[in-house]
Amino acid sequence: MDRLQQARDFMQALPHARALGMVLQDMGAGRAVVTMDYDARFIGDPVTGVLHGGAISALMDTASGASVMSHPEAPASTATLDLRIDYMRPATPRQRITARAECYHVTRSVAFIRVTATDHDETRPVATGTATFTLERPIP
Amino acid sequence: MNRPKPEPVHVIKSRREAALSWLTGGVPYIQYLGIQFDRRGDELTAVLPFDDKLIGNPMLPALHGGVTAAFLEVTAIIELAWSTLWEDMEAGRIDPAKLAESQFPALPKTIDFTVDYLRTGLPRDAYARARVNRFGRRYASVHVEAWQDNRERPFALGSVHFLMPPPPGAPAE
């Protein structure tokens, strides 16, 4: 079984990621791409049918954590310390959301991440974010 | 002097409860996460009853960081929308009995959102309260805190900026 399949199975084992229908599309070298299909249960604004920001935050948080786990320093585990998200525009209803995260730096105990969420129009992000995660190193 | 008789308490309560459940019951994602709101006067406490689907890391187990973020954001939006609705309701500008047929209110839009994760979210119920620090015509700033067993030991803090919806009848931005 290849590494991506292992990572996909890992994500399927995370109850909330599975509940929101998140799928790991790609992962490696400190980068991760995770998608979430549009679902009427995740609507935040019943008038427009736009997804709730919270569902998009959950997707961006998941992609960020996956990018940390895929970093070449191979952390044993990770957890969110801080997450900041800027919402540029409402996600277009009925479109799948893709979050792309990059863990661009790690120290002994902290990982730094940039993350972007897009709908079908990949030229105009729905949201961008920055995050710091804890980094637990494997016991030698 | 002839003062108007105060309204009976059950009339006041049922009016306020109807307005709150109209506001929170209309948002599918709030229902999906199972978030409820406790009301004491105009003060709201959001309650997130524990459910297995809220788990992020099954090994610990811990609440998903995204659930915590969503819980804070929902609490902040509802607090802001509720404070507007409350004023309109108490001033008699809207009739809660007719809310069911009326257009759902335009909600504030999140501009940016910062979450500070102070400790692991445990697999049990969580609570949150928000405070509106600035309520402007166009922008609002809201602080929100979530805790579990101990009110003095929050597990997450949030700070949210919102773009306020234009007043009814005004041209959209």
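This passage describes how chain A and chain B fit together in a predicted model, beginning with the fold of chain B and moving on to the shared sheet and the interface.

Chain B is a good place to start. It contains three helices and eight strands, and along the sequence these elements follow the pattern α-α-β-β-β-β-α-β-β-β-β. The C-alpha atoms of chain B fill a box of roughly 65 × 40 × 30 Å along the principal axes.

The feature to look for next is a sheet that runs through both chains. Twelve strands make up this open sheet, with antiparallel pairing, in the order β1(A)-β2(A)-β6(A)-β7(A)-β8(A)-β5(A)-β5(B)-β8(B)-β7(B)-β6(B)-β2(B)-β1(B). At its edges stand β1 of chain A (22–28) and β1 of chain B (36–40); each has a single partner strand, so one side of each is left without a neighbour in the sheet. From one strand to the next, the twist averages 20°.

Where do the two chains join within this sheet? Strand β5 of chain A (residues 77–87) and β5(B) run antiparallel and are joined by five bridges. A pair to pick out on screen is Ile85(A), whose bridge partner in β5(B) is Phe113(B).

Other strand pairs can be followed within each chain. In chain A, six bridges hold β1(A) and strand β2 (residues 31–36) in antiparallel pairing, with Val23(A) opposite Thr35(A) of β2(A). The hairpin formed by β1(A) and β2(A) has two residues between the strands, and here Ala29(A) adopts a positive phi near 50°. In chain B, strand β7 (residues 139–147) and strand β8 (residues 156–163) also run antiparallel, joined by eight bridges. Within that pair, Val144(B) stands opposite Gly158(B) of β8(B).

Two helices of chain B pack on the sheet. Helix α1 of chain B (residues 9–25) touches β1 and β2 (43–48) of chain B, and its direction makes about 155° with that of β1(B). Helix α3(B) touches β5 of chain A as well as β1, β2, β5, β6 (126–135), β7 and β8 of chain B. The direction of α3(B) makes about 50° with that of β6(B).

The interface can now be described as a whole. It draws 34 residues from chain B and 31 residues from chain A. The area buried between the chains is about 2,500 Å², and carbon and sulfur atoms give 61% of it. In chain B, Tyr29(B), Tyr32(B) and Tyr117(B) lose the most area to chain A, together accounting for 25% of what that side buries.

Polar and charged groups also take part. Twelve residue pairs are in polar contact across the interface, and the count of salt bridges between the chains is one. In this salt bridge the side chains of Arg84(A) and Asp112(B) meet, at 3.7 Å from N to O. On the side of chain B that touches chain A, at least two residues come from each of α2 (28–33), β3 (55–57), α3 (65–90) and β5 (109–117). The residues on that side divide into 20 nonpolar, nine polar and five charged.

Conventions: Residues are numbered from 1 along each chain as its sequence is written. Chains are lettered from A and ligands numbered from 1 in the order in which they are written. This is a predicted model: local features need pLDDT of at least 70, side-chain atom pairs count only at pLDDT 80 or more; totals for chains, interfaces and linings use all residues. Side-chain values use heavy atoms; hydrogens and water are left out. Contact means heavy atoms within 4.5 Å. Buried area is the accessible area (1.4 Å probe) that two parts lose on being put together, summed over both. A salt bridge is a side-chain nitrogen of Lys or Arg within 4 Å of a carboxyl oxygen of Asp or Glu. A polar contact is a pair of N or O atoms within 3.5 Å; within protein, one must be able to donate a hydrogen and the other to accept it, and residues adjacent in sequence count only if both atoms are side-chain atoms. Helices (H or I, at least four residues) and strands (E, at least two) are DSSP runs, numbered from the N terminus. Ala, Val, Leu, Ile, Met, Phe, Trp, Tyr, Cys and Pro count as nonpolar, Asp, Glu, Lys and Arg as charged, and the others, Gly among them, as polar. Two strands pair if DSSP finds at least two bridges between them. Axes are lines fitted to C-alpha atoms, for helices over the stretch in contact, and angles run from 0 to 180 degrees between N-to-C directions.
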